[in-house]
Amino acid sequence: MIWTLLPGAVFLADGCLKKKAEEELKENEQIPVCKGHIVLRKCHNRGVAGGGFADSTKKVEILTFFLLSGLWARLEALAGRRKCKAKKLGLALTIGGGMSNWYDRHKRGYVTDYVSFRFGPEKFRRLVFNVSDFCIFFGLALLTAISCRESR
């Protein structure tokens, strides 16, 4: 049961943070936190991670919908299995993050991002993320690690 609730929790939590970012952060405003290593700033991303495919928002939205449907079907197929907790966690996090970003793209035509880092390579420093992005990344990393381990 928790595996079907977790995507909703991610969706709602990130939705609340996106709403707060939209309401409280001004365009081009940057608020340093954690001794300046993290910066809160509002960014509207019409494409995918890193801004790619910004001119294909509707196509990205449709493709995302079908990918999420497939992931949800896989999560449901694993529902009764006890030994697949890590796989279910990876799927649930990926679905929740994907749903939140899909909803933004569907309703607004863009995804609201609000977190940047001030360490690492310059290219990384320019990127802006949201909690959904972190959930997608962690979920896919977990699924990849499980897949690599199972293929041995």
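Colleague: How many disulfides does the count come to?

Modeller: Zero. A disulfide is a pair of cysteine sulfur atoms within 2.5 Å. For Cys 34, the nearest cysteine sulfur, that of Cys 135, is 18 Å away. For Cys 84, the nearest is that of Cys 148, 17 Å away. So neither Cys 34 nor Cys 84 is in a disulfide. This is a predicted model: local features need pLDDT of at least 70, side-chain atom pairs count only at pLDDT 80 or more, and totals for chains, interfaces and linings use all residues. Residues are numbered from 1 along each chain as its sequence is written, and side-chain values use heavy atoms, leaving out hydrogens and water.

Colleague: Why is Cys 84 called buried?

Modeller: Its relative accessible area is 13%. Buried means under 20%, exposed over 50%, partly exposed in between (1.4 Å probe, protein chains only). So Cys 84 is buried.

Colleague: What makes Cys 34 exposed?

Modeller: Cys 34 has a relative accessible area of 51%. The cut-off is over 50%, so it counts as exposed.

Colleague: How do you know that the span of H2 agrees with what it should be?

Modeller: Helices are DSSP runs (H or I, at least four residues), numbered from the N terminus. The expected span is 1.5 Å times one less than the number of residues. For the 21 residues of H2 that gives 30 Å, and the end C-alpha atoms are 30 Å apart, so the two agree.

Colleague: Which residues of H2 are buried, and which are exposed on the other side?

Modeller: Thr 57, Val 60, Glu 61, Thr 64, Leu 68 and Leu 75 are buried. On the other side, Lys 58, Lys 59, Leu 63, Phe 66 and Ala 77 are exposed.

How values were computed
Helices (H or I, at least four residues) and strands (E, at least two) are DSSP runs, numbered from the N terminus.
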